[in-house]
Amino acid sequence: MLPVFDRMTLCLLAEYRRLVLWVPVAVAMGSVWYFALQNEPSALCGLVLPLGVACASSVVLWMWRGTVWGRVLGTGCAAVAIGFAAAWGAAHRHAPMPELPRRAIELSGTIKSVAQGVAPKTGIATRTIEVVAAQFETPLDSGMVPLSRSLRLKLRPDDTQPLFPGDTVWLRAMLTPPPFPAYPGGRDMQRDAWFADLAGYGRVLDPVERLTTTTLPSVGLTFRLEPMREALDQRIRTVLPGAVGAVATTLLTGEAATIPQTVRQEFAVSGLAHVLAVAGLHLGLVMTVIMVAARLAFARWEWASLRWPCKALSAFVALGGGVGYAALTGLHLPVIRSLVMATVVVVGVSIGRRSVSLRGLALAALGMLVWHPEYVLSAAFQMSFVAVMALAAGYEVAGPKLTAFRTLVFKSAWLKLAHKAAHHSLVLGLTSLLAGLSTLPVVMAHFGQIQPFFIIANLFVVPVMALWVMPLGLMALVLMPFHGEALALIPMGWGVRLIIASAHAVAQWPAARIMVPAMPSWALGLIVLGLCWLCLWRQRWRFWGFAPIGVGLLVPFLVLRPTMMISPDGGMVGLYQQKTLWIGGQSRDGAWLSAAWQQAVAAQTIKPFPVRGEALDGALSCDNDGEAGLCFFSSANKVFLLRLHDRSDGMQNLPDSACRGVDAIISSAPLRQSCPDVPLRLDRFSAWRNGAQAVFVTAKALDLKTDRAWQGARPWVLKPGGHGLPNLPLAQAE
C-alpha cells in the first residue's frame, strides 16, 4: 500500500486540470480570514505583508513549477494572500461612519433613489428616499463637507408630492445610525452599511421641500434610470392592481417594496423566495427569450444564415438585452453577479466552448471576489455560486445519461410526446433538486429555516415563469412606447396569479417550514468547503466532502442555545425555554429584535412575560412580592432576577430581600447601587458598553457573551452608543 503522501500526490495528478478551480476558493478563504479577525490589522499587516507573501509564493511556484505540490502550495498561498489584501483594501476605501445628530435635524441633499413600499402592520403605502451629499442645517455644522455616505429616509404617509432621483430637497428628520447586531454573532448591519456607503436611517418629520429638479451630470446609470423605473412601475400597477401587480413590477423593474408582507411570507415558506429576488433565474429567462427570438429572426434571413455565425450573434444580442434588463432592475448585487456569469457564458458560446462550465464559474467568481471581497459574506453570493457549481458538476455526471435518454426513438406519436414530457420533467426536477439541496445550508445559516417542499413548488412555478410570465413581461415592455402594454400584462397577470396561488397552497401544507437554530459561521464555512470538495473534483475522493457537510448540518442542533438575551440598548430581555421565547421590556427596535431572537433559537412561539403570576411550571414568577416589573427565573440551580420596568430609571434601589440568593440580575434600567454583591449584573450601562449580550446557563456555570467582544475593533463597528466620527466644518481660511 502506498503511503498517504504518495496517494495524495497521485490523486492531485489525476485532478491536474481541476486545480485551477480552487483559486477563487482560496481567494475567498483569504477574505473570510480578514473578516474573522478581532482587531483591524495595520497597513503593514493587512496589505504590504500579504502582497509580499503573494510575491514569495509566486517565486516558489516558479521554482517548483514542475511538481504538483509546488503548484498547489505556491498558488494556494498566493491566492489566500491576495484575498486577504483585497478585503483589507476594500474595507479601507470607504469613508468613515459619520456622527449623526441625536435630535430632529434639518438637512439638504440630493435624492439618489425613491422606493415604494407597504407598511407591514397597517398596509399603508410608504415611500423611502436615499439622500446623498447631505448637509446638516445647524450653526454647529455650518460649512461642513457634505456627507460621503447616503441616508435612507422614510417619508410621511401623507407626503404624496412627486419626488425623483436628482431632486435637491430640504427636510427635517430624526436620524439613527445602523443598528448593532441583535445578539452576539447575529447579522452585522453595521458592516453591511459600511460597504454600502450608508451612513444611517431616518424618519422624515415634515413634508419634503423640493429645491431644484436638475439631475447631476456625474450620477450613474441606475441613478438616471430611476424615473423610468418608477414610471414603468406605475403603468404596470395601473393595469394589474394589488399583489399581482406588485409581483409583476418586481419581475420587470426590480421594485419589490410594494409586495404585501403575507405574500412575501408565503413565497419564503414555499421555497419560492428566489422568484421575488431579481437575479440569475430572471436574467437567464430574459436572455433565453431574446436569444430564441434572435435565432428565429436570423433563420428567416437566408443570406445571414448562410454567411454569419448566427448562434454567436444571437448570444451577443441576448447579452445586450440582459444588460438592459439588469440596468432596468437596478444593477443590484445578484443581478451584477448573474450578468458577469452570463458574459462568461456568451463568450464561451461564441468561441464554441460549453455554455455552463466550472471554469467559467471560477473566472466569474474570481473577478467578483477580487473587486468586491465583501460579497463572500453575502447570502445572495453564496447561494448563487453554490447553486451554479452544483448544477455544473451535477450535469457533468448526469448529462450523458440524460442525453442517452433524450435520444431514445419511439414510433408512436403518443409515446414520443410522453417521452419528451418525461425528459423535460427529469431535467427540471434534477435542476431544482441540485440547486435546492446545494443552497439549503446557506438558507439554514442566513434565514434559519428549511422548506421541505421547495422541489414540488419549483416544478410548477419555474415552467410557468419561463414559458408564460417572463415572455409576456418582455412583450409588455416592448409595447409600452405604443401604450399597448395591457395586451401582454393582462395574460401575464393570469400567470402571476397562478404563481401566487401555488405559493399560498404550498405554504399551508403541514411542516412547510422547519425552524433551524443559528448556525455558527465556521459550520457554514465547513459545509461550503465540503460542497466545493464534492463538486470540483472528479475522482472518487470527491465523496469525502460529505463528511464536513454532515458535520456542519448537525452543528446548529447540537450547540448550546442562549437562555437569556439582552438587546443592544438594554431595554428588552428575551428568555428561551421549552421552545418558547418570552419577551419583556421595551426597545425602539422591538419587532426586529423579537424576530431575530426567534430565528436564533428557533422558537416556535413568542409570548410576553406574565404581568403577574407564574409560568414554565413555576420556574418563572413575576410581581409575586408586590414589586411591579420584577420577575424571578430559576434554571440549572441558578436564580435570575429580572427588572423589566422601572419608572425611577434606577434611582430607586432594589430591596435587599430581592437580591438575596440571586446568581444574576438583568435590568432594563441602570442598576447603580442595587444588588452590589450579585456575581453577574447586567443593565443598560453594560449594554451601552458591550452591545447585545447572551447568557448561556449550564449546570456548572453562567457563560456571558457580548457583541463587543464578538465583533472586536473593526472600522465598521461604531463606538458605544452608536457614535461615529464627528462632522467637523471646514477650517476658516487665514
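# Reading a predicted model, feature by feature

Visitor: How many salt bridges does a search of the whole structure find?

Guide: A search of the whole structure, which is a predicted model, finds 14 salt bridges. As a general idea, side chains of opposite charge can pair when their charged atoms come close. One of the pairs here joins Glu-40 to Arg-714, whose closest N and O atoms lie 2.9 Å apart. That pair links distant parts of the chain, since Glu-40 sits in the loop between α2 (23–35) and α3 (43–63), while Arg-714 belongs to the segment after α23 (707–711), 674 residues apart.

Visitor: Is Arg-714 buried or exposed?

Guide: Arg-714 has a relative accessible area of 6% and is buried, because the cut-off for that word is under 20%. Its partner Glu-40, with a relative accessible area of 22%, is partly exposed.

Visitor: Which residue meets Asp-158 in a salt bridge, and which one pairs with Arg-643?

Guide: The side chain of Asp-158 meets that of Arg-156, at 2.7 Å from N to O, and Arg-156 is partly exposed with a relative accessible area of 30%. Arg-643 forms a salt bridge with Asp-646, where the closest N and O atoms are 3.5 Å apart. In that pair Arg-643 counts as buried at 2% relative accessibility, whereas Asp-646 is partly exposed, at 23%. Salt bridges can also be read as a network, as with Asp-649, Arg-672 and Arg-684, which are linked in this way.

Visitor: Turning to the strands, in what order do β9, β10, β11, β12, β19 and β20 stand in their open sheet?

Guide: To read a sheet, one follows the strands from one edge to the other, and here the order is β12-β11-β10-β9-β19-β20, with mixed pairing. The edge strands are β12 (605–608) and β20 (702–706), each of which pairs on one side only. From one strand to the next, the twist averages 20°. Within this sheet, β9 (residues 564–566) and β10 (residues 572–577) pair in the antiparallel sense over three bridges, and the bridge partner of Met-565 in β10 is Gly-574.

Visitor: Which helix lies across β9, β10, β11 and β12?

Guide: Helix α20 (residues 590–601) lies across those four strands, and α20 runs at about 25° to β10.

Visitor: Which strands stand at the edges of the open sheet that holds β13 to β18?

Guide: This sheet has six strands in the order β13-β14-β15-β16-β17-β18, and its pairing is mixed. At its edges stand β13 (613–615) and β18 (680–682), each with a single partner strand, so one side of each is left without a neighbour in the sheet. Neighbouring strands here are turned by 15° against each other on average, direction ignored. Three bridges join β13 to the antiparallel strand β14 (residues 620–622), and in β14 the bridge partner of Ala-615 is Leu-620.

Visitor: What volume does the second largest pocket have, and which residues are closest to its centre?

Guide: In general terms, rolling a probe the size of a water molecule over the atoms shows where empty space is left. The second largest pocket has a volume of about 580 Å³. It is lined by 27 residues, and the closest to its centre are Leu-19, Trp-22, Val-72, Gly-76 and Trp-537. At least two lining residues each come from α1 (4–14), α2, α4 (68–92) and α18 (521–536), and the largest share, nine residues, is supplied by α4.

Visitor: Where is Leu-391 found, and which residues does Leu-391 touch?

Guide: Leu-391 is found in helix α14 (residues 379–406) and counts as partly exposed, at 22% relative accessibility. Leaving aside residues up to four places away in sequence, Leu-391 touches Thr-431, Leu-434 and Ala-435. The C-alpha atoms of Leu-391 and Leu-12, which are 379 residues apart along the chain, are separated by 23 Å.

Visitor: What is the phi of Asp-197, and what is that of Lys-579?

Guide: Most residues other than glycine have a negative phi, and most peptide bonds are trans. Asp-197, although not a glycine, has a positive phi of about 55°. Asp-197 lies in the loop between α5 (189–195) and β5 (198–204), and with a relative accessible area of 32% Asp-197 is partly exposed. Lys-579 is likewise not a glycine and has a positive phi of about 60°, and its place is in the loop between β10 and β11.

Terms used:
Residues numbered from 1 in each chain as written. Predicted model: local features only at pLDDT ≥ 70, side-chain atom pairs only at ≥ 80, totals over all residues. Heavy atoms only, no water. Salt bridge = Lys/Arg side-chain N within 4 Å of Asp/Glu carboxyl O. Buried < 20%, exposed > 50% of the residue type's maximum accessible area, 1.4 Å probe, protein only. Pairing = 2+ DSSP bridges. Axes fitted to C-alpha atoms, helices over the stretch in contact; angles between N-to-C directions. Contact = heavy atoms within 4.5 Å. 1 Å grid on protein atoms, 1.4 Å probe; cavity = no way out; pocket = protein on both sides within 12 Å on 5 of 7 lines; lining within 4 Å. Points joined across faces, edges and corners; volume = space filled by probe spheres on them.
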